[in-house]
Amino acid sequence: MSGGAAPICARCDAADRLIEADEALLRLHLASGGDVSGQLAVPSLLQLVREARASGLPQVRSVVMHDGGQSLAAHAEARPEGDTVVILTRDWQQTGALADERPAALLHHLAQGHVLLDTQQRVVLAACEAPDLAAAAALLAAAPGVHWTQALGLAEAERLATLHWRLLDDMVVDLPGSARRWRVRLLPRSAGFDLLLLPETIAALPDSLSEALPADADDTALQPWAAFLGRDLAPALRQPISRIIANAETIRSRLAGPLGEAYGNYAADIAEAGRHLLGLVDDLADLDAVEAPGFAPIPDHIDLADCARRAAGILSVRARERGIVVVVPDEGTQVPAIGEFRRVLQVLLNLLSNAIRYTPAHGTVELACGIERGQAWLAVQDRGEGLTADQAARVFDKFERLGRKGDGGSGLGLYISRRLARAMAGDLAVESTPGQGARFVLTLPADVPAAGLVNAR
């Protein structure tokens with residue numbers, strides 16, 4: 001985010017607790033029912049923080065924050081920094097009663113492209129989610145300070161650039177690289193405009209499922225739909241589902257006012273169902289990525305022990321809710337390895353989440369790591385029912401849930417995790433005995449020079 005007055009900032013720790021905040025954000029947090037140093041209580045900002053932490057990338061969008069009967073709109077960025085996420089907000093403005101903002105909020109949720117414009121409709125920042133907006137996003141990114149019609153190369157761009165913004169609002173355009181038509185909505189704000197791109201037509205499906213299959217497909221009944229859902233539908237679903245979760249959590253926590261206990265429980269069920277659906281959407285997107293031809297993680301120098309501590313920190317609230325103690329390598333332990341940090345953390349979060357889910361309440365989950373024969377390893381040991389030899393042989397299969405129903409799993413997490421591990425020149429294996437829990441072991445190439453330095457100390 002750039003330009004304008006200094007941002008109003010805050011910082012959250014790995015458990016989404018507010019550890020630093022400018023006065024205005026702290027006041028809003030408290031007004032929303034939060035406690036000093038408690039979990040961030042502004043739902044729209046909390047959702048942004050969680051998305052940034054999950055993706056490992058900055059997340060930028062316009063948000064609406066409620067303060068009593070009034071609403072505040074702002075442009076917000078959540079930026080991961082180590083174990084924390086920094087929040088930066090700009091252009092705060094009062095938007096009136098809650099009912100007045102709903103049409104604009106709905107447009108934001110439906111939009112698949114969002115361009116921040118200055119008062120002269122010149123491009124400041126662009127974020128496009130739809131895959132077929134990639135070409136348009138590249139043009140916008142390369143043209144800061146240029147009128148948006150010229151940046152997108154629209155026909156009669158020079159004439160359009162001279163028109164009043166109200167004459168441009170709600171027009172339908174063709175965008176480079178997209179077979180769909182797009183409706184443009186211009187929403188004025190205090191320091192410029194939000195330009196939203198909403199699909200006017202639906203993306204066409206393949207004429208037949210067989211056309212979408214590669215010649216060597218090994219799962220002909222599922223692969224085309226998995227690719228469509230992961231590549232095309234997941235980005236469109238993620239934002240409205242996240243909004244459903246945020247609204248349900250707002251109702252459940254009674255931030256919007258008193259509520260009967262039964263209705264609070266209904267809201268909790270809606271939020272949990274939304275999280276399950278969002279998890280399935282994310283799994284399908286990951287499935288599409290790992291099965292794409294040429295998929296290759298970006299290798300880097302990482303510390304498996306540090307990754308273990310970070311994963312435990314992210315899931316600490318979930319573990320505490322079940323009274324489970326997560327034992328992690330101490331701060332002095334280092335296990336240098338080669339792998340993509342974001343993907344390794346994704347694998348560990350999946351393994352640790354499963355371990356917490358299947359370990360009995362008030363039990364213990366242990367994370368251990370080390371280096372042996374040029375391989376760095378990290379093990380996640382749960383205290384669940386364990387696996388039979390047959391179950392252990394099938395646990396990494398696609399859509400395999402070992403007969404479990406209603407546990408919130410998609411049957412994709414372990415399959416994706418092993419694909420990621422092997423793509424990083426490592427592996428993921430399981431050791432288990434019925435009644436004694438399961439031990440999942442992630443191996444990666446050791447960072448040999450760094451390992452030598454650690455051992456020499």
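Two strands count as paired here if DSSP finds at least two bridges between them. With that settled, I opened the model, which is a predicted one.

**Entry 1: a sheet**

I looked up which strands sit side by side. One open sheet has five strands in the order β7-β6-β10-β9-β8, and the pairing is antiparallel. I then checked the edges: they are β7 (123-128) and β8 (172-174), and each of these pairs on one side only. I also noted the twist. On average, neighbouring strands in this sheet are turned by 25° against each other, direction ignored.

Next I zoomed in on β9 and β10. How many bridges hold the pairing of β9 and β10? I got eight, in the antiparallel sense, between β9 (residues 181-189) and β10 (residues 192-199). To have one rung to click on, I picked L186, whose bridge partner in β10 is L195.

**Entry 2: aromatic pairs**

I searched the whole structure for aromatic pairs and found two. For each I wrote down two values, since a pair of aromatic rings is described by the distance of the centres and the angle of the planes.

One pair is W165 with F193: 5.4 Å centre to centre, 55° between the planes, tilted. It brought me back to the sheet, as F193 lies in strand β10, while W165 is in helix α7 (residues 165-168), and the two are 28 residues apart, so the pair links distant parts of the chain. Buried or exposed, I wondered about W165? W165 has 15% relative accessibility, so it counts as buried, the cut-off being under 20%. F193 counts as buried too, because its relative accessibility is 8%.

The other pair is F396 with F440. Their planes are at 85° and their ring centres 6.1 Å apart, so I logged the pair as edge-to-face. This one also links distant parts of the chain: F396 is in the loop between α13 (389-394) and α14, F440 is in strand β17 (residues 438-445), and 44 residues separate them. F396 comes out at 6% relative accessibility and therefore counts as buried. F440, at 10%, counts as buried as well.

**Entry 3: two helices**

That loop made me look at α14 itself. Helix α14 (residues 413-423) packs against helix α12 (residues 341-358) at an angle of about 145°, and their axes are 10 Å apart. I noted the crossing of α12 and α14 as left-handed.

Which residues meet there? From α12 I listed R343, Q346, V347, N350, L351 and N354; from α14, G413, L414, I416, S417 and L420. Sorted by class, this contact has five nonpolar, five polar and one charged residues.

Notes
Residues numbered from 1 in each chain as written. Predicted model: local features only at pLDDT ≥ 70, side-chain atom pairs only at ≥ 80, totals over all residues. Heavy atoms only, no water. Helix = DSSP H or I, 4+ residues; strand = E, 2+ residues; numbered from the N terminus. Axes fitted to C-alpha atoms, helices over the stretch in contact; angles between N-to-C directions. Left-handed = near helix turned anticlockwise from the far one by under 90°. Contact = heavy atoms within 4.5 Å. Nonpolar A, V, L, I, M, F, W, Y, C, P; charged D, E, K, R; others polar. Phe/Tyr/Trp six-rings, centres within 6.5 Å; stacked < 30°, edge-to-face > 60°. Buried < 20%, exposed > 50% of the residue type's maximum accessible area, 1.4 Å probe, protein only.
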